[in-house]
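Visitor: I would like to know what the names used for a protein model rest on. Can we look at one and take the terms in turn?

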Amino acid sequence: MISVCTYCGVGCEIDADVANNKINKITPVKNGKSSGGELCIKGRYGYEFLNARIDRHLVSYRFIEKNADTLPFELSVRIANLTEYDEKFYEAPFTLAADLAAWKIKDILNKYSPNSVAAIGGARTSIESAWLFQHFARNVLKTPNVDNCARICHSPSLSGLKMSIGEGASSVEFDELFKTDVIFIIGSNTTQAHPMVASRIIKAKRRGAKIIVADVREIPIMKFADISVILPFESNLLFLNAIAKEMIEKDLINKDFIKNRCVKFEEYKENILKHPDSKEFFEQLKGFEHISGQIEEIARLISKNKTVFAWGLGVTEHIDGTEAVNAISNLAMLSGNFGEGAGVLPLRGQNNVQGACDVGCLPYYGPDYTIPEKIGLMTPDVIEHMSDGRIKAVINMGEDILHVHPNLNKVKKAFKNLEFLMVMEVMRNEITEVADIVFGVKSAYEKTGVYVNAERRLHLSRPLVRSGMPDDWEVINELAKKLDSGFDYKSSEEVFEDVKKEVKRFEGATYERLDKKPLCWPVKKDGSDSPVLHTEKFSTPDGKGHFHYHPCHIRGEIKDILENRRYWYLNTGRELAQYNNAAQTKISEKLSKKYDDDLLLVNSVHKDEIGEYVVLRSKYGQSGRLKVKFTDTVRPYTLYTTFHFAKNSINSLFGDEHDHKVKTARFKSVKVEVLNENN
């Protein structure tokens, strides 16, 4: 049975061996368009969570205690038949859970206002559910406060690209990596986070492509790199601007492309030439002086060759994430690198984070990136409004905010202020444990729906096994009916047909066509799709690429180096065998054998001062007890760990510093203390 992997933004096609409604084995689809005919370890073994999924609907004891006296008589009678499930929850039939949720939502709307409610989630489920979720929030609840987990990952990619080329998405499909001459990777541990993209990069290298990799530590993909750049923390924008300046000063730019297809170049040129973001700046940084020569090499390489620019959260999860993405776009325009075998490739992390944004699950964009009547709150602002009591209720669809968001001590306090928290989830996790009502919903392996991957490719997922749980859209549909919405969908395909009325980039996609092959948006009425964008004009109103210059503001480790000071800095990321909050992947014995706890990487020079176990502390919070692994892949006084396991509270170490424009947290750099722990 053919379907789509439920994990990262690659969207690999999978073939499942199923018997007696149980998956026995998953293998790659040989001609898989996104997977390239391969699968990573999560794709092969990450289905075992189905044996431990939420398989019922739950109502907390606390919710009943708080609301028993105000419930309508009819509901008071029905709750008498609730049965105990565990130490926190009753088990409830779907209809009763939906009636209780609808009653409480209506109660809050009547007591306060639509602005007192927020809807967060949508990137872990289908576009049908994500679209209906934002539609429900905006048009049924009348709240503008809609967001998804792009807020903590690739929102800066959307904003940075949109201001330059008009479309906040990849301009190329993955297979364009085989047609390019140079692959420039920055801030992406590609082999761990997007393994099937990494596989293509390695194959492209063997076919003759040159590879450039820039990161703050040594990562596996660097084994295949022609140029490996180890950057100081928070220097992405400085580095990218320095390359651009070198290209302009050495006349390595594509003048015809700039003249015919771009605007604002002269203003950009004037600003960048007078600002100190340059290769010479690196010559002042002790230990990083050699980067000046690498900048010269990179500038020559990308100016003379077709280049694909790829990046991940190592670019976006900084306070200048939007500006750094925009700087990458500037490099692509300076070198004329848009078209076949050339372009920009943001490596999105969730299986449907691109699709959730496309269908309007954002506070400042509606479906198809239209501007909504009222701009809502971004998730960090929702947290602030929860903290001071202005947000009273949160409806959450598949986003474990109490694990994956920054400043967790603050977030946990904010959630205690809520009058109502409703969660739709597949697995028990940190947020389900504090919810008032939990709807168990179908996983991607159990339902029909469309997902949009990091190359803009729409995949139709078909159920591999049957489930008695509702899909997310079915829960929303039921709530909407009880709130007198006027809509009543009977199938995901029916929802998809309405999605297409608002999202014109999906216009020619149908379930029938997607059953035959996945398609890259925009999909025209005749079903033809668009693997490569911006070949003749950009998606800006005037069709031109717009240059913007953003200077780097010196801070963090760079400032410390200039002032001859040393502090510990922490960087975080993913490990291949686990996924995000590990709620699904830690269930798999094969995956957990590979990686069963967050591990702290420390440079070997610190062996005499750091023990086997440590605790990290920042001004925002403290981690759990972490096992240390000494390695030379991180520099002295720099640390690296994953954030997969909630018990380690890694995200308590990060505060409210965020991207200037879209408030994506600065997850990739925080100053910490290292405290030795006894075994």
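Guide: This is a predicted model. Start with pairing: two strands count as paired if at least two bridges are found between them.

Visitor: What is the order of the open sheet that holds β18, β19 and β20, and how do its strands pair?

Guide: The order is β18-β19-β20, three strands with antiparallel pairing. For β18 and strand β19 (residues 457-461), four bridges are found. The cut-off is at least two, so β18 and β19 count as paired. One of the contacts sets Gly449 against Ser461, its bridge partner in β19.

Visitor: What makes β18 and β20 edge strands?

Guide: β18 (449-452) and β20 (519-520) each have a single partner strand, so one side of each has no neighbour in the sheet.

Visitor: Which other open sheet has three strands, and which of them are at the edges?

Guide: That sheet has the order β1-β2-β3, again with antiparallel pairing. Its edge strands are β1 (2-4) and β3 (22-28), as each pairs on one side only. From one strand to the next, the twist averages 40°.

Visitor: How do you know that β2 and β3 are paired?

Guide: Strand β2 (residues 13-19) shares six antiparallel bridges with β3. Two would be enough, so the pair qualifies. Val18 has its bridge partner in β3, namely Ile23.

Visitor: Which strands does β27 pair with, and over how many bridges?

Guide: Strand β22 (residues 568-573) is joined to strand β27 (residues 670-677) by three bridges. Strand β24 (residues 613-617) is joined to β27 by five. Both counts meet the cut-off of at least two, so both are pairs. In each case the strands run antiparallel. On β27, Val672 is the bridge partner of Trp568, and Glu677 stands opposite Tyr613.

Visitor: Turning to helices, why is α4 called oblique to α20?

Guide: Two packed helices are described by the angle between their axes and the distance between the axes. Helix α4 (residues 94-111) packs on helix α20 (residues 472-482) at about 55°, with the axes 9 Å apart. That angle is what makes α4 oblique to α20. A value of 55° is not under 35, not over 145 and not within 65 to 115, so it falls among the rest, which count as oblique. The crossing is right-handed.

Visitor: How many cavities are there, and how much space lies in the second largest?

Guide: Three cavities of 30 Å³ or more are present. The second largest holds about 80 Å³ of space. Two elements, α1 (41-45) and α8 (195-206), each give two or more residues to its lining.

Visitor: How do you know which class each lining residue of the second largest cavity belongs to?

Guide: The lining has nine nonpolar, two polar and one charged residues. Lys42 is in the lining, and lysine counts as charged. Gly11 and Gly43 are there too, and glycine counts as polar. Cysteine counts as nonpolar, so Cys5, Cys8, Cys12 and Cys40 are among the nonpolar ones.

Visitor: What is unusual in the backbone?

Guide: Most residues other than glycine have a negative phi, and most peptide bonds are trans. Asp484 is not glycine, yet its phi is positive, near 60°. Asp484 is placed in the loop between α20 and α21 (492-502). Between Trp521 and Pro522 the peptide bond is cis, with omega about 0°. Pro522 belongs to the loop between β20 and β21 (545-546).

Conventions
Residues are numbered from 1 along each chain as its sequence is written. This is a predicted model: local features need pLDDT of at least 70, side-chain atom pairs count only at pLDDT 80 or more; totals for chains, interfaces and linings use all residues. Side-chain values use heavy atoms; hydrogens and water are left out. On a 1 Å grid over the protein atoms alone, a cavity is a set of points where a 1.4 Å probe fits but cannot get out, and a pocket is an open set with protein on both sides within 12 Å along at least five of seven lines; lining residues have an atom within 4 Å of a point. Grid points are joined across faces, edges and corners, and a volume is the space filled by probe spheres set on the points. Axes are lines fitted to C-alpha atoms, for helices over the stretch in contact, and angles run from 0 to 180 degrees between N-to-C directions. A crossing is left-handed if the near helix is turned anticlockwise from the far one by less than a right angle, and right-handed if clockwise.
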